[in-house]
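Reader: I am new to this structure. Please take one part and go through it closely, then set it in its surroundings.

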Amino acid sequence: MTTSYILDTGPLSTLCSFPLNGSPYIYTVLKYASVLLADGVITEAGRGKIWRTVSPLINTGEIKSISSPIEPEILDTSYGNDLGLGERSTIKLGLKLGLITVIDDRDAFVVANRFGIHPIGFQDWVVKLVQESDLSVQTAIEIVKASAKQYPKMYLAHTLQLLSSSELRTK
Amino acid sequence: MQTKEAHAYDLFLEARALYTGKTSSEVRSEIDADEFEARIRALHYQYISGKFSFGRFTELAGVAHLELREILDALDLSTHH
């Protein structure tokens, strides 16, 4: 039984765009985690080339698509000009389901916290998959290094240290 | 050799076509290379200044997440604050 996580469009795009042994590493990650996507994320994914990867996974049920609630409406009225549809939809679904939410955008991350959900960033999620779901440290390092350019440089050394610590704990 | 700006414009045409369901030629007729670059740099400045999120940036630019990252990368513009 794998733990379920709600992913925003940013982390989903990262998973679908970088290859691990020639194929996007979403295929590897799905062995260690269940991925839920809010309908707003599906809409955004459907407008880009990651849809070629995401669509079949939804059709086979390997990724689940869930409608986010309308509430809290203030997310749209107050933040509609500042956050994207996927980000607002992800926060609403996180509130509704109470699952761990993976959000990379700084503004969306802060707003999510204001609503009482405590998201994690992509790199911390990868660390979590090592610590809690037996994703190998080697694979995690490969994923983190391949996608490092998308995140502030200062995160990388810390993330690699966390992964090294995880490896020591499992030995 | 193609300039980075020309490469970014080509990426935009393809991404915008996918985003809207139009053809690249239709997108090209709607926004020329200079207009594209001015707009994307202006939006990027606002994004970096904290005016809106990356998700909102994609909506305003009219391209999807991954494609916007590739366009910014081609222009040597940072994709994070």
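**A helix of chain B, and its partner chain**

Author: Start with the partner: 43% of the 171 residues of chain A are buried, meaning that 20 or more other C-beta atoms, placed from the backbone, lie within 10 Å of a residue's own (12 or fewer is exposed, in between is partly exposed). This is a predicted model, where local features need pLDDT of at least 70, side-chain atom pairs count only at pLDDT 80 or more, and totals for chains, interfaces and linings use all residues. Residues are numbered from 1 along each chain as its sequence is written, while chains are lettered from A and ligands numbered from 1 in the order in which they are written.

Now the close look, at helix H3 of chain B, residues 33–48. Helices here are DSSP runs of H or I with at least four residues, strands are runs of E with at least two, and both are numbered from the N terminus. The 16 residues of H3(B) should span 22 Å at 1.5 Å a residue, and the end C-alpha atoms are 22 Å apart, which agrees. The expected span is 1.5 Å times one less than the number of residues.

Which residues of H3(B) are buried? They are B:Phe36, B:Ile40, B:Leu43 and B:Tyr47. Down the helix axis, these fall within an arc of 65°, so they line one face of H3(B). The arc is that of the directions from the axis to the C-beta atoms. An α-helix has 3.6 residues a turn, so residues three or four places apart point the same way.

The face turned away from the buried side carries exposed residues: B:Asp34, B:Glu35, B:Ala38, B:Ala42 and B:Tyr45. Cover for the buried residues of H3(B) includes helices H1 (4–20), H4 (54–61) and H5 (65–74) of chain B. After H3(B) comes B:Gly50, with a positive phi near 85°.

Back to chain A. Its secondary structure comes to 10 helices and 6 strands. How do the two chains meet? 21 residues of chain A are in contact with 17 residues of chain B; contact means C-beta atoms, placed from the backbone, within 7 Å. On the chain A side, H1 (9–17), H6 (85–97) and H7 (106–114) each give two or more residues. H1(A) gives the most, with 4 residues.

Inside chain A, A:Leu37 is in contact with A:Leu7, A:Leu12, A:Ile42, A:Ile63 and A:Ser65, leaving aside neighbours within four places in sequence.

Note on methods. Two residues are in contact if their C-beta atoms, placed from the backbone, lie within 7 Å.
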